[in-house]
Amino acid sequence: MNFSESFKLSGLLCRFSPDGKYLASCVQYRLVVRDVTTLQILQLYTCVDQIQHIEWSADSLFILCAMYRRGLVQVWSLEQPEWHCKIDEGSAGLVASCWSPDGRHILNTTEFHLRITVWSLCTKSVSYIKYPKACPQGLTFTRDGRYLALAERRDCRDYVSIFVCSDWQLLRHFDTDTQDLTGIEWAPNGCVLAAWDTCLEYKVLLYSLDGRLLSAYCAYEWSLGIKSVAWSPSSQFLAIGSYDGKVRLLNHVTWKMITEFGHPATINNPKTVVYKEAEKTPQLGLGHLSFPPPRAMAGALSTSESKYEITSGPVSLQTLKPVADRANPRMGVGMLAFSSDSYFLASRNGDFPVLGLCWHLRGDSLALLSKDHFCLCFLETKEKVGTAYGQRDGMPRT
């Protein structure tokens, strides 16, 4: 495992382009686009205010920057740096902004979730969608870009509406058996929609495209339940992160749990790979030095490097006991991310200094995000992992 140098970052705003060629990051009101291979700056854009959200278009040709406090969205082109677009929601305000899968429509959610405005970059037309629910993951597209599923709240009940993205017309509308719908997510193949309830009720519901309930899953009762949900890119697995610190994996045939991964305080499983950071001081031969050393070399002599080594035997991990008498305790699996080949599953449990991460398209590297810096982490190739730890069996590893 190797790491790049760290770069400045604001608001955890760091995203790989869908084609895997670029890496976009933000430093206050500036948008920086780098080449993934060399990490050299390719484009530098300046927005009218501090950026609070960025997102690539599906074809990696455009990138939007949302400034929620100003109710503005600015769109930049990678092929034509001099071209840009500005969308002003005016008095309606702005709380969320995202691309449609075709990369030519932008969906803006107004304040108080009164409506969603669909802006077309090609025809400059505008469409409106009413009743969006204010929940963390209430909007999701199918991978092929044909359908949009939207969580709604009407008359104190939860609903899901499915729209056709070609003309934004309603296709299906059905209610969900939830107390307080928290999120929905399409499987990558677009055949199944997962919906999950509030953390006070452990419930995952699986719906077909026509609104039929396929299955429901509950791991336990009378305790804090679901904190995160993620589909594998192959649509074969649904990972559920819970407040009990475990990740449960459901299969796509019976929708039953096939395995679970924990986050123990001590790791002694020989199949689990643990990377431990070891600090070292670079050793330079005296034959390569001149006296007095150049300023750049003098700085290098005083710095230390980090090396990550695979450890063997039982490994004790530092754990923090969460404060139980406060809201939103810092416990449970709050982040899940599959690699692009569905072979690796990264999960985060409890208090951890890495606040965010995102996989690269190839699945052999990921970006680690802290409060004001980020770096790239390069993993071993799957061929090396397979040689060291046995043949692949299709099951994700954590």
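## Close-up views of a predicted model

**View 1. The side chains of Arg362 and Asp364 are joined by a salt bridge, with a distance of 3.3 Å from N to O.** In this predicted model, Arg362 counts as exposed at a relative accessibility of 56%, whereas Asp364 counts as partly exposed at 23%. Elsewhere, salt bridges with shared partners connect Lys133, Arg153, Asp158 and Asp180 into one network. The count of salt bridges in the model comes to 13.

**View 2. Asp210 and Arg212 meet through their side chains in a salt bridge of 3.1 Å, taken from N to O.** Both partners fall in the intermediate class of accessibility, since Asp210 is partly exposed with a relative accessible area of 37% and Arg212 is partly exposed with a relative accessible area of 48%. As general background, side chains of opposite charge can pair when their charged atoms come close.

**View 3. An open sheet is built from four strands in the order β23-β24-β25-β26, with antiparallel pairing.** The edges of this sheet are β23 (226-231) and β26 (257-261), each of which pairs on one side only, and the twist from one strand to the next averages 20°. Between β23 and β24 (residues 237-242), the antiparallel pairing runs over five bridges, and Ile226 has Ser242 in β24 as its bridge partner.

**View 4. A salt bridge links Glu260 with Arg248, where the closest N and O atoms are 3.7 Å apart.** Glu260 belongs to strand β26 and Arg248 to strand β25 (residues 247-251), so the pair ties together parts of the chain that are twelve residues apart in sequence. The surroundings of the two partners are described by their accessibility: Glu260 counts as partly exposed at 34% relative accessibility, while Arg248 is buried, with a relative accessible area of 7%.

**View 5. The rings of Trp231 and Trp255 form an edge-to-face pair, because their centres are 5.8 Å apart and their planes stand at 85°, an angle over the 60 degrees required for that class.** Trp231 lies in strand β23 and Trp255 in the loop between β25 and β26, so this ring pair ties together parts that are 24 residues apart in sequence. Trp231 counts as buried at 9% relative accessibility, and Trp255 likewise counts as buried at 9%. A pair of aromatic rings is described by the distance of the centres and the angle of the planes.

**View 6. Phe62 and Trp83 make an edge-to-face ring pair, because the ring centres lie 5.4 Å apart and the planes are at 70°.** The pair ties together parts that are 21 residues apart in sequence, since Phe62 lies in strand β8 (residues 62-67) and Trp83 in the loop between β9 and β10 (84-88). Phe62 is buried, with a relative accessible area of 14%, whereas Trp83 counts as partly exposed at 31% relative accessibility. Ring pairs also bring in Trp99, so that Phe62, Trp83 and Trp99 are linked into a cluster. The structure as a whole holds ten aromatic pairs.

**View 7. Gln74, found in strand β9 (residues 72-77), reaches the backbone nitrogen of Val48 with its side chain at 3.0 Å.** Gln74 counts as buried because its relative accessibility is 3%, which is under the 20% that sets the limit for this class. Apart from neighbours within four places in sequence, the residues in contact with Gln74 are Cys47, Val48, Ile63, Leu64, Cys65, Met67, His84, Cys85 and Lys86. Val48 therefore appears both in this list of contacts and as the residue whose backbone nitrogen is reached by the Gln74 side chain.

**View 8. Cys135 is placed in the loop between β14 (126-130) and β15 (139-141).** Although located in a loop, Cys135 counts as buried, at 14% relative accessibility. When residues up to four places away in sequence are not counted, Cys135 touches Ala151, Leu181 and Thr182. Cys135 and Asp180 are 45 residues apart in sequence, and in space the separation from C-alpha to C-alpha is 9.0 Å. Asp180 is also one of the residues in the salt-bridge network with Lys133, Arg153 and Asp158.

Technical notes. Residues numbered from 1 in each chain as written. Predicted model: local features only at pLDDT ≥ 70, side-chain atom pairs only at ≥ 80, totals over all residues. Heavy atoms only, no water. Pairing = 2+ DSSP bridges. Helix = DSSP H or I, 4+ residues; strand = E, 2+ residues; numbered from the N terminus. Axes fitted to C-alpha atoms, helices over the stretch in contact; angles between N-to-C directions. Salt bridge = Lys/Arg side-chain N within 4 Å of Asp/Glu carboxyl O. Buried < 20%, exposed > 50% of the residue type's maximum accessible area, 1.4 Å probe, protein only. Polar contact = N/O pair within 3.5 Å; in protein donor to acceptor, adjacent residues only side chain to side chain. Contact = heavy atoms within 4.5 Å. Phe/Tyr/Trp six-rings, centres within 6.5 Å; stacked < 30°, edge-to-face > 60°.
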